[in-house]
Every structure is written in C-alpha cells, then in structure tokens.
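Please open the model in your viewer and keep the sequence panel visible. The tour below proceeds by selection, one stop at a time.

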Amino acid sequence: THLLSKLPIPDSQVLTIDPALPVEDAAEDYARKLSQAFQGDAVPVFDLLILGVGPDGHTCSLFPGHPLLQEQQRIVAPISDSPKPPLQRVTLTLPVLNAAQSVIFVATGEGKAAVLKRILEDKDDALPAAMVQPRTGALCWFLDEAAARLLSVPFEKHSTL
C-alpha cells in the first residue's frame, strides 16, 4: 500500500499471496503465479529483492535451524510452525533468493546490531540471512547507525535523506 501504490506498476505485475487460502494452498497458488510470471525459468529470477533481517537472523520466513532452509525443490513453501507469530506463513525459498539479480537487506535499530555482527563479520552461515548469497547478482546492506554500531569492518556512511 505504501510503496507499490506510489509506483507506476500495473496491477497485473503485482503478485500477491492469497491470505484467504489455507497455508499449503496459498503456497501452491503463489508458486503457480510466479511460474506463470517467470515462464521459462525453473527458479524465478527477480531483478531486485528487498529483505529484512530479524534479531535471530531470519529473513523472509526462513528461521535458524528450520528444515525449510534445506528446501531445494519448491520455489515457495508453507511454514506451519513459525517460531515467531504468525504461526502459519508463506515464504520464498533460498534458491529463489539466491537467484535474484540484486538483493538489498534493510536493517534498523540496536536490536539488530548483534546479529548483523554475526552475519557480516563472523560470517555465521547458519543464519538464514547469511545464506542469502546471490549466485550472479549483487548483495547490499542498508543499516542505520544503531544497527551498525557493533561492526568493525569498514562501511560507507551516508547522511539521512
């Protein structure tokens, strides 16, 4: 509502997850929509994905230690046992995230500082956000000062707009 409504994107190019469907059916429905939109690609290749990261290192609805991190066949998967509410969710899988041309992570606040250090400095590849490594694309992180406060690696600092 706040972003897409302000951009000149035709409604036909906005693919949504149907929240009225049971989670398994919603995942299948969304996978079908993506397959139709990205015809010819076994795995959809998005131009850009904008992702967040949770204080536990999760991204999308891919949580640390969850079996969905091993999913290689499906492009969209249901999760019925999310460790964070809501319990039932629909998520893109890692093969889709890693096929993107560009991935941007946005993280703000002090609550993200410790996990960002684990991801960006300690290279803790057990964390789902650290597993996002586009095969042929770019990966960028946009952090505020509070989120970046524990980092010792060099990074570009820009003023706020």
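**First stop: Glu71**

Select Glu71 together with Arg74: the side chain of Glu71 reaches the backbone nitrogen of Arg74 at 2.8 Å. Add Gln73 to the selection, since its backbone nitrogen lies 2.9 Å from a polar atom of the Glu71 side chain. A polar contact here is a pair of N or O atoms within 3.5 Å; within protein, one must be able to donate a hydrogen and the other to accept it, and residues adjacent in sequence count only if both atoms are side-chain atoms.

The model is predicted: local features need pLDDT of at least 70, side-chain atom pairs count only at pLDDT 80 or more, and totals for chains, interfaces and linings use all residues. Residues are numbered from 1 along each chain as its sequence is written, and side-chain values use heavy atoms, with hydrogens and water left out.

Now display the backbone around Glu71, which is placed in the loop between strand E1 (49-51) and strand E2 (76-79). Strands (E, at least two residues) are DSSP runs, numbered from the N terminus.

Is Glu71 buried or exposed? Glu71 is buried, at 14% relative accessible area; buried means under 20%, exposed over 50%, and partly exposed in between (1.4 Å probe, protein chains only).

Next, select Thr93 and Pro95, with which Glu71 is in contact once its neighbours within four places in sequence are set aside. Contact means heavy atoms within 4.5 Å.

**Second stop: the cysteines**

Select Cys60 and Cys140. The structure holds zero disulfides, a disulfide being a pair of cysteine sulfur atoms within 2.5 Å. For Cys60, the nearest cysteine sulfur is that of Cys140, 17 Å away. Cys60 is partly exposed, with a relative accessible area of 27%, and Cys140 is also partly exposed, at 36%.

Technical notes
Helices (H or I, at least four residues) and strands (E, at least two) are DSSP runs, numbered from the N terminus.
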